[in-house]
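Me: I'd like to go through this one by asking what backs up each label. Can you take me through it, with the reasoning shown?

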Amino acid sequence: MNEVEVDTLVSLWFKASVKAHSFIPEDFWQSQMLAMKETYLPNSDTYIYEEDNHILGFISYHQGFIPALFVSPSAQSQGIGSKLLDFIKQQYDELQLAVYVQNHRAHRFYHAQGFNDSGRQLCEHTEHEEILMEWYKIQI
């Protein structure tokens with residue numbers, strides 16, 4: 001990824017995070033932008049969804065875990081998140097992620113994509129409760 005792409009992903013992540021997590025103050029997301037740019041994205045395998053040279057979403061993978069799946073607020077509910085998840089499911093046999101308990105829309109989305117709840121934990125950054133979820137490729 002080049003710097004323009006990274007900056008675009010961080011901006012998309014920020015806007016989508018603020019929209020999806022109204023229960024967390026916006027200044028928290030603002031405080032995490034540098035870490036997203038300099039730590040999280042560079043240390044993950046990140047796949048971008050583009051249309052007409054515009055980045056509309058991305059998914060990141062790190063050691064069996066999906067730390068990020070974000071779609072631009074203007075492009076949500078168009079199947080982009082499903083396409084990104086389908087792509088990553090083709091690459092790996094098992095995946096894990098965490099979703100905030102209060103983010104009901106995301107929890108329903110991941111259930112619809114075949115993920116199952118596997119536990120709960122407190123997010124170390126926000127101290128909000130998260131649902132741990134997992135998905136396993138069905139072996140035939």
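**Strands, fold and one leucine**

Reply: Sure. Strand 5 (residues 116-122) runs antiparallel to strand 6, with six bridges joining the two. Keep in mind that the model is predicted.

Me: What makes strand 5 and strand 6 a pair?

Reply: Pairing takes at least two bridges between the strands. Strand 5 and strand 6 have six, in the antiparallel sense, so they count as paired by that cut-off. One of the partnerships is Asp 117 with Met 133 in strand 6.

Me: And what links strand 5 to strand 6?

Reply: They form a hairpin, with six residues between them. In that turn, Glu 127 has a positive phi of about 65°.

Me: How do you know that strand 4 pairs with strand 6?

Reply: Same test: at least two bridges are needed. Strand 4 (residues 94-100) and strand 6 (residues 129-136) share seven bridges, in the antiparallel sense, so they pair too. Across from Tyr 100 you'll find Glu 130 in strand 6.

Me: What is the order of helices and strands along the protein chain?

Reply: There are five helices and six strands, and they come in the order α-α-α-β-β-β-α-β-α-β-β.

Me: Why is the protein chain called as compact as a globular protein of that length?

Reply: Its radius of gyration is 14 Å, and the globule rule gives 14 Å for 140 residues; the two values are close, so the protein chain earns the description. The C-alpha atoms fill a box of roughly 40 × 35 × 30 Å along the principal axes. Among contacts with a separation of 6 or more, 56% involve residues 24 or more positions apart.

Me: Why is Leu 9 called buried?

Reply: Buried means under 20% relative accessible area. Leu 9 has 0% relative accessibility, so it counts as buried. Leu 9 is in helix 1 (residues 3-20). Across the protein chain, buried residues make up 41% of the 140 residues.

Me: Which residues does Leu 9 touch, leaving out those up to four places away in sequence?

Reply: Leu 9 touches Met 1, Leu 41, Thr 46, Ile 48, Ile 55 and Phe 58. As for Ile 24, that residue is 15 residues from Leu 9 in sequence and 20 Å away in space, C-alpha to C-alpha.

Me: How many charged side chains of each sign does the protein chain have?

Reply: The count is 9 positive and 19 negative, and the centres of the two sets are 9 Å apart. The protein chain exposes about 8200 Å², with 48% of that supplied by carbon and sulfur atoms.

Notes
Residues numbered from 1 in each chain as written. Predicted model: local features only at pLDDT ≥ 70, side-chain atom pairs only at ≥ 80, totals over all residues. Heavy atoms only, no water. Helix = DSSP H or I, 4+ residues; strand = E, 2+ residues; numbered from the N terminus. Rg over C-alpha atoms; globule rule 2.2 N^0.38 Å. Buried < 20%, exposed > 50% of the residue type's maximum accessible area, 1.4 Å probe, protein only. Contact = heavy atoms within 4.5 Å. Areas by Shrake-Rupley, 256 points an atom, 1.4 Å probe, with all protein chains shown as cover. Lys, Arg positive; Asp, Glu negative; His and termini not counted. Charge placed at Lys NZ, Arg CZ, Asp CG, Glu CD.
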